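Hi,

Here is the structure I said I would pass on. Could you open it next to this email and follow along?

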Amino acid sequence: MAVSSAVARCPSITSCRGDHPKPSLSFSFSLFHSSPSNKASSLRKRASSSLVVKCGFEAGVGVMGTKLGMMTFFEPSGTAVPVTVVGFREGNVVTQVKTTSTDGYDSVQVGYRRVRDRKLTKPELGHLQKAGTVPLRHLQEFRLTSVEGFEPGNQIVVEDIFKEGDLVDVSGNSIGKGFQGGIKRHNFKRGPMTHGSKSHRALGSIGAGTTPGHVYKGKKMPGRMGGTKTKIRKLKIVKIDKDLRVVMIKGAVPGKPGNLLRITPAKIVGKNIPKN
């Protein structure tokens with residue numbers, strides 16, 4: 001008796017008993033009780049309609065190289081310049097050209113560093129055989145505003161796309177430092193070493209107590225340092241040696257000798273890439 005009177009007084013409870021149609025429930029019922037093929041096709045249509053590709057444009061097609069080390073280069077004026085020597089193994093071949101009609105965006109896929117057949121999987125070998133290239137270890141894409149003039153199998157020559165004095169962006173994996181404290185990882189200051197202080201290199205407070213009752217995400221704390229993808233922008237090409245097949249770039253680049261590097265023309269908004 002009490003339950004029925006409460007239901008009579010509360011219209012929301014009355015609506016929950018099924019006195020009005022439930023379109024959302026009927027939609028979910030038809031979706032999950034449809035045949036697997038219809039359900040898969042509907043999900044594919046929904047995913048394709050909502051697919052949005054977001055990626056930054058490159059200023060131009062680039063190349064991959066291998067870091068050889070650092071040295072001192074003397075300019076004709078006598079100025080000593082620290083440079084990084086980058087060498088190039090067999091590769092830098094176009095393996096695939098993606099267009100808006102086939103993939104939704106324009107890009108050029110480049111392969112680098114020849115390896116034995118047994119070093120790659122069969123899908124990787126089939127992908128490279130389709131392009132008519134030798135087995136290559138590394139594949140990277142360069143998204144461009146236009147891919148005219150690129151065909152699978154084309155060789156990208158460093159001297160054709162870069163000149164001495166050009167500015168380039170160099171990216172690669174930085175040297176891993178392992179687990180480090182706050183002082184080395186985030187340049188924190190240490191505490192007093194004397195006068196009875198017991199807080200020397202410790203982190204200190206990491207947040208309040210009951211409110212908020214947890215540590216905020218992104219808090220600078222000890223952790224793994226290095227070993228991440230890093231890009232150094234607007235480095236100057238000092239010299240290109242065609243005989244030795246090396247490029248000397250002013251300054252330091254990520255990684256240790258033998259590290260894989262990605263070299264692209266420097267991005268200058270409004271000059272070689274669109275503002276929007």
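Below is what I found, starting with the barrel and then going through the salt bridges and one threonine.

First, a caveat: this is a predicted model, so please read everything below with that in mind.

The barrel

If you trace the sheet, 6 strands close into a barrel, and the order around it is 1-2-10-9-6-11. The pairing is antiparallel, and from one strand to the next the twist averages 50°.

Strand 6 is a good place to start looking. On one side it pairs with strand 11 in the antiparallel sense, over 4 bridges. Two of the positions to click on there are D169, which stands opposite T264 in strand 11, and V170, which stands opposite I263 in strand 11. Strand 6 is also joined to strand 9, again antiparallel, by 6 bridges. For S171, the bridge partner in strand 9 is K231. Of the 7 residues of strand 6, 5 are buried, so the rest of the structure largely encloses this strand.

The salt bridges

How many salt bridges does the structure hold? There are 4, and I'll go through three of them here.

Since you are already at strand 6, take D169 and R233. Their side chains meet in a salt bridge at 3.9 Å, N to O. With D169 in strand 6 (residues 167-173) and R233 in strand 9 (residues 229-241), the pair ties together parts that are 64 residues apart in sequence. The two ends sit in contrasting surroundings: D169 is buried at 1% relative accessibility, whereas R233 is partly exposed at 42%. So D169 has a bridge partner in T264 of strand 11 and a salt-bridge partner in R233.

Next, look at R262 and E58. These two form a salt bridge in which the closest N and O atoms are 3.0 Å apart. R262 belongs to strand 11 (residues 260-265), while E58 is in the loop between helix 4 (36-49) and strand 1, so this pair ties together parts 204 residues apart in sequence. Are the two residues buried or exposed? R262 is buried, with a relative accessible area of 12%, and E58 is buried too, at 11%.

The third one is E141 with K98, a salt bridge between side chains at 2.5 Å, N to O. Here the link runs between distant parts of the chain, from E141 in strand 5 (residues 136-143) to K98 in strand 3 (residues 91-98), and the two are 43 residues apart. E141 counts as partly exposed at 25% relative accessibility, but K98 is buried at 14%.

One threonine in strand 1

Last stop: T66, which you will find in strand 1 (residues 63-74). Strand 1 is one of the barrel strands. T66 has a relative accessible area of 9%, so it counts as buried, the cut-off being under 20%. What is T66 in contact with, once its neighbours within four places in sequence are left aside? The list is V85, V86, G87, R89, Y112, G258 and N259. It may be handy to show those residues as sticks around T66 when you look at this spot.

That's the tour. If you only have a few minutes, I'd go to D169 on strand 6, with R233 across the salt bridge and T264 opposite in strand 11.

Cheers

Definitions and conventions
Residues are numbered from 1 along each chain as its sequence is written. This is a predicted model: local features need pLDDT of at least 70, side-chain atom pairs count only at pLDDT 80 or more; totals for chains, interfaces and linings use all residues. Side-chain values use heavy atoms; hydrogens and water are left out. Buried means under 20% relative accessible area, exposed over 50%, partly exposed in between (1.4 Å probe, protein chains only). Contact means heavy atoms within 4.5 Å. Two strands pair if DSSP finds at least two bridges between them. Axes are lines fitted to C-alpha atoms, for helices over the stretch in contact, and angles run from 0 to 180 degrees between N-to-C directions.
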